[in-house]
Amino acid sequence: MDEPDLDLSGKSMDMDGTPTGSEIRTRIGRLQQLLSEHGVDGALMVQKMDVYYFAGTDQDAHLWIPASDDPLLMVRKSLQRASNDSPLEQIVLLDSLSQVS
C-alpha cells in the first residue's frame, strides 16, 4: 500500500480534512510534470472534486493548470473565501464563462 505524500510537518491534510498547501503544490507539480512529458499545454479543471483536489476550495470555480507556469483559480462567487481556502496565489473572480479565453 502506498503511503500518502507528506509535507514537512508530517501530514498531508489539515485537522478538518482539507489538503495542506504543501500537498496541493505537490499534486500540481506532479500534474505539470505529466503534462510536460506528454506535450500538453495545460489542464482545465471544471468538476468540483477536481478543483477541490488541486486548489483546496469547494466553491463554484474553474482551475487552469498550465504545464509550466502558476495555476489560475477562477471563482464564480467569493474571491475572499477562495483566498482563505486555497494556497494558490493567482485567484480571480469569473463573472461569466465568456471571460475564459
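# Why these labels?

Guide: F54 is buried, at a relative accessible area of 11%. This is a predicted model.

Visitor: Why is F54 called buried?

Guide: Buried means under 20% relative accessible area. F54 has 11%, so the label buried applies.

Visitor: And what makes Y53 count as partly exposed?

Guide: Partly exposed lies between under 20% and over 50%. Y53 has 36% relative accessibility, so it falls in between.

Visitor: How many aromatic pairs does the structure hold?

Guide: It holds 1 aromatic pair. Y53 and F54 form it.

Visitor: What makes Y53 and F54 a pair?

Guide: Ring centres must lie within 6.5 Å. Those of Y53 and F54 are 4.9 Å apart, so they pair.

Visitor: Why is the pair of Y53 and F54 called edge-to-face?

Guide: Planes over 60 degrees apart count as edge-to-face. Here the angle is 80 degrees, so the name fits.

Visitor: Which residues touch the most other members of the largest nonpolar core?

Guide: M45, L63, L73 and L88 do, in a core of 18 residues. Helix 1 (21–37) and strand 1 (42–45) are among the elements that each supply at least two residues. Helix 1 gives the most, with 4 residues.

Visitor: What does L73 touch, beyond residues up to four places away in sequence?

Guide: Its contacts include V51, A55, L63, L88 and I91.

Visitor: Which residues line the largest pocket?

Guide: Among them are R25, I28, G29, P87 and E89. The volume of this pocket is about 180 Å³.

Visitor: Why does G29 in that lining count as polar?

Guide: Gly is placed among the polar residues by definition, so G29 counts as polar. By class, the lining has 4 nonpolar, 3 polar and 3 charged residues.

Key:
Residues numbered from 1 in each chain as written. Predicted model: local features only at pLDDT ≥ 70, side-chain atom pairs only at ≥ 80, totals over all residues. Heavy atoms only, no water. Core = buried A, V, L, I, M, F, W, Y, C linked by side-chain atoms within 4.5 Å. Buried < 20%, exposed > 50% of the residue type's maximum accessible area, 1.4 Å probe, protein only. Contact = heavy atoms within 4.5 Å. 1 Å grid on protein atoms, 1.4 Å probe; cavity = no way out; pocket = protein on both sides within 12 Å on 5 of 7 lines; lining within 4 Å. Points joined across faces, edges and corners; volume = space filled by probe spheres on them. Phe/Tyr/Trp six-rings, centres within 6.5 Å; stacked < 30°, edge-to-face > 60°.
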